[in-house]
Amino acid sequence: MAQRTLARYLTEEQRNKGVITGDLKLLIEVVARACQAISIAIGKGGLGDVLGEAGSDNVQGEAQKKLDVLSNDILLDANEWGGHLAAMASEEMDLPHLVPHRFPKGEYLLTFDPLDGSSNIDVNVSIGTIFSVLKCPESADLSTPEAAERAFLQPGTAQVAAGYAVYGPTTLLVLTVGDGVACFTLDREQGQFLLTQEHMQIPADTKEFSINMANQRFWEAPVQRYVGEMQQGREGPLGKDYNMRWVASMVADVHRIMTRGGIFMYPIDSKLTAQGGKLRLMYEANPMAMLVEQAGGAATTGHCRILDIAPARLHQRVPVIMGSKNEVARITAYHTA
Ligand code: AHG
Ligand code: MN
Ligand code: MN
């Protein structure tokens, strides 16, 4: 049987199932090509001028790495001329990027975290790109970047596609268009993504958790209780031994969970109260929550489903707990107990 390329998968979603439009197919193919270009840049490492600091800060006050800026530029350049987008927003840009007037304007909005896991770039550990696609409301005011921000403020349930690329030992693209989750592997010789797993499913139960334990003393009581019980293992109330993994690239940590189950947590803690959490809703939590739910898992802040949050700001942060359904249900119950 012929290999199924990303293009063929998307064509079948469009033609046979009617799940996506031609423009959405084009948009996803362009994002995938941009991820290929980012993968090539990352692969150069110390042989290219891609490691180290960019010497600037982003809107969240975080020092930008050269690869944060480069990946952002690659995604902007690839997407602005195709006619499928109205605007883009990114972790690395204060305000939305409007499609320049010289190009046709499309019906979609794209948000992205161009390079996730920046602290891992210079130590050669897996990093990624996360993206989310929304429909642009017909009434949207796109006259200025400031006005355009409002068009993006839609709940995660409105996403029409979401995905991530993980740049690890292999480069993968994990995608949902609301019809389950498919995983594609970059064939470096052919220069294209080939379907390697359809219908990804997260096991409902797990023995693996993912959290930055260095923040333990700042956590709230429900998280203290849950992680404490997991640490008690077989002798504790959960009756089984757990293992812990923390890559510190959300993409890599969630990809492990998409592959073999687990629970990922970046909860609110007492040093994050003012900013509402660590991870960003529009281009980290929402796309990952859509993927996790599409794979049979669950995603919550502890108090509400992530995809139901009505965003107030483009760069809003939220607490994130996601992964194997039964474990997410347990910690959610601890939040209401
Ligand atoms: P980014 O590199 O896009 O800023 O995201 C980093 C995020 C996320 O990927 C990861 O889970 C988390 O920050 C790691 O935080 P700690 O350094 O606190 O572990
Ligand atoms: Mn990130
Ligand atoms: Mn980032």
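Here's a walk through the two manganese sites in this predicted model.

Let's begin with the manganese ion (ligand 3). Its protein donors are E91 (OE), D113 (OD) and L115 (O), and they lie 2.1 to 2.2 Å from the metal. Note the atom given for L115, which is listed as O, while E91 is listed with OE and D113 with OD. Along the chain, these donor residues follow the spacing E-x21-D-x1-L. As for their surroundings, D113 is buried, with a relative accessible area of 0%, and L115 is buried too, at 1%. Both values fall under the 20% cut-off for calling a residue buried.

Now hop over to the other metal. The manganese ion (ligand 2) sits 3.8 Å from the manganese ion (ligand 3), and D113 coordinates both. So which residues make up the protein donors of the manganese ion (ligand 2)? They are D113 (OD), D116 (OD) and E284 (OE), lying 1.9 to 2.1 Å from the ion. The spacing here reads D-x2-D-x167-E. That long x167 stretch is worth following on the structure: D116 belongs to strand 5 (residues 108–116), whereas E284 comes from helix 7 (residues 281–294), so this pair ties together parts that are 168 residues apart in sequence. D116 and E284 are both buried.

Put the two sites side by side and D113 is the link: this buried residue coordinates both manganese ions. From there, E91 and L115 go with ligand 3, while D116 and E284 go with ligand 2.

Note on methods:
Residues are numbered from 1 along each chain as its sequence is written. Chains are lettered from A and ligands numbered from 1 in the order in which they are written. This is a predicted model: local features need pLDDT of at least 70, side-chain atom pairs count only at pLDDT 80 or more; totals for chains, interfaces and linings use all residues. Side-chain values use heavy atoms; hydrogens and water are left out. Donors are N, O and S atoms within 2.8 Å of the metal (3.2 Å for Na, K and Ca); water is not among the atoms, so sites may look incomplete. Buried means under 20% relative accessible area, exposed over 50%, partly exposed in between (1.4 Å probe, protein chains only). Helices (H or I, at least four residues) and strands (E, at least two) are DSSP runs, numbered from the N terminus.
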